[in-house]
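This note collects points for a colleague who wishes to read the structure alongside its sequence. The points begin with the division into domains and then turn to individual residues.

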Amino acid sequence: MTKDKPKLFAWDFHGTLERGVEIGFWHILKQLAKKWQIKEDFKLEEVRRLYGVSVFDYLHHFFPKSSHKQIKAMMVRVAQVQNQNHLKIYVTAAPGAIEILSKIKKAGHKNIVVSNSHPEHIWPLVKLVRMESLIDEIFAVDRHYTDRKIDVVYEKAKSIKNYAQKHKIEKIIVIGDKPDDIQAGLSIGAITYQYKRPDFPPVKTHAHFQITDFMELLKEI
């Protein structure tokens, strides 16, 4: 155990701790187009550019001529396909993710995941990339399978802050790839790290630090 007070490392999951979900979703979009006989020329780059928006918004973007009823039917289909373990073909842990999570855990600190995902979907993915023993708790801000507007920054910030207060943790480090992740951290006074992937379009945030290698977090441990 560390001699210092325990710290809280709050992680985004999609696009941060994992790689490949967006590729799996790209293939799901193609399957949907085929099922509904819609002509498509979907680009993986476009899927990555939109990464982090809700499934509802994704479908409206790629199927702009589809009715609301049809979009809702597509959402059901997406959930069914994901529950059939479609994504396990594509998803792996991000480089260095297991190593840094292990070092944080060994030092006596806490790892939590705060994700824009449905609880039934995020837990299987965490297990798929073999991180379940390294994550202390998962918070799912479920905006993907709803057309209801959710304040993601507020919900993420609340989850992180409540966990820190419950465990009497004063220092919080937030790591994510999108502005929502960083803004949630900044709103509660956390140290923020934007994780930048070379295969994703650049995104501007107000993070304290930008990293491409999780080992840069060693200074926080």
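1. The model under review is predicted. The area buried between domain 1 and domain 2 comes to about 1,600 Å², and carbon and sulfur atoms contribute 55% of that area. The domain assignment places residues 7-19 together with 92-220 in domain 1, while domain 2 spans 21-89. Domain 1 is thus given as two segments of the chain.

2. The centres of domain 1 and domain 2, taken over C-alpha atoms, lie 24 Å apart. On the side of domain 1, 19 residues make contact; they meet 21 residues of domain 2.

3. Which polar links join the two domains? Between domain 1 and domain 2 there are 2 salt bridges, and 3 residue pairs are in polar contact, with both residues of each pair at pLDDT 80 or more. Helix H1 (13-17), strand E2 (18-19) and helix H7 (119-128) each provide at least two residues of the side of domain 1 that touches domain 2. H7 supplies the largest share of that side, namely 3 residues. By residue class, the side of domain 1 that touches domain 2 holds 5 nonpolar, 6 polar and 8 charged residues.

4. The salt bridges around Glu 22 merit attention. Arg 48 pairs with Glu 22, and the closest N and O atoms of this salt bridge are 3.0 Å apart. The two residues belong to distant parts of the chain: Arg 48 is in helix H3 (residues 44-49) and Glu 22 in helix H2 (residues 21-35), with their positions 26 residues apart in sequence. Glu 22 counts as buried because its relative accessibility is 0%. Arg 48 has a relative accessible area of 13% and is therefore also classed as buried, the limit being under 20%.

5. Two further salt bridges extend this arrangement. Glu 22 also meets Arg 197, at 3.6 Å from N to O. Arg 48 in turn meets Asp 199, likewise at 3.6 Å from N to O. Asp 199 sits in the loop between strand E7 (191-195) and strand E8 (209-211), whereas Arg 48 is in helix H3, so this salt bridge ties together parts that are 151 residues apart in sequence. With a relative accessible area of 30%, Asp 199 is partly exposed. Through shared partners, the salt bridges join Glu 22, Arg 48, Arg 197 and Asp 199 into one network.

6. How many salt bridges does the whole structure contain? A search finds 13. One of them pairs Asp 12 with Lys 156, where the closest N and O atoms are 3.9 Å apart. Asp 12 lies in the loop between strand E1 (8-11) and H1, and Lys 156 lies in helix H8 (residues 152-166), so the pair connects parts that are 144 residues apart in sequence. Both partners are buried: Asp 12 has 6% relative accessibility, and Lys 156 has 3%. As a general matter, side chains of opposite charge can pair when their charged atoms come close.

7. Is Ile 112 buried or exposed? Ile 112 counts as buried because its relative accessibility is 0%. This residue lies in strand E4 (residues 110-115). Beyond its neighbours within four places in sequence, Ile 112 is in contact with Leu 8, Phe 9, Ala 10 and Trp 11, and its further contacts are Ile 135, Glu 137, Phe 139, Ile 160 and Tyr 163. By contrast, Lys 69, which is 43 residues from Ile 112 along the chain, has its C-alpha atom 36 Å from that of Ile 112.

8. Two backbone angles should be checked by the reader. Arg 130 has a positive phi of about 60° although it is not a glycine. Arg 130 is in the loop between H7 and strand E5 (137-140), and its relative accessible area of 68% makes it exposed. Lys 168, again a residue other than glycine, has a positive phi near 55°. Lys 168 is found in the loop between H8 and strand E6 (172-176); its relative accessible area is 72%, so it is exposed.

Note on methods
Residues are numbered from 1 along each chain as its sequence is written. This is a predicted model: local features need pLDDT of at least 70, side-chain atom pairs count only at pLDDT 80 or more; totals for chains, interfaces and linings use all residues. Side-chain values use heavy atoms; hydrogens and water are left out. Domain bounds come from an automatic or database domain assignment. Contact means heavy atoms within 4.5 Å. Buried area is the accessible area (1.4 Å probe) that two parts lose on being put together, summed over both. A salt bridge is a side-chain nitrogen of Lys or Arg within 4 Å of a carboxyl oxygen of Asp or Glu. A polar contact is a pair of N or O atoms within 3.5 Å; within protein, one must be able to donate a hydrogen and the other to accept it, and residues adjacent in sequence count only if both atoms are side-chain atoms. Helices (H or I, at least four residues) and strands (E, at least two) are DSSP runs, numbered from the N terminus. Ala, Val, Leu, Ile, Met, Phe, Trp, Tyr, Cys and Pro count as nonpolar, Asp, Glu, Lys and Arg as charged, and the others, Gly among them, as polar. Buried means under 20% relative accessible area, exposed over 50%, partly exposed in between (1.4 Å probe, protein chains only).
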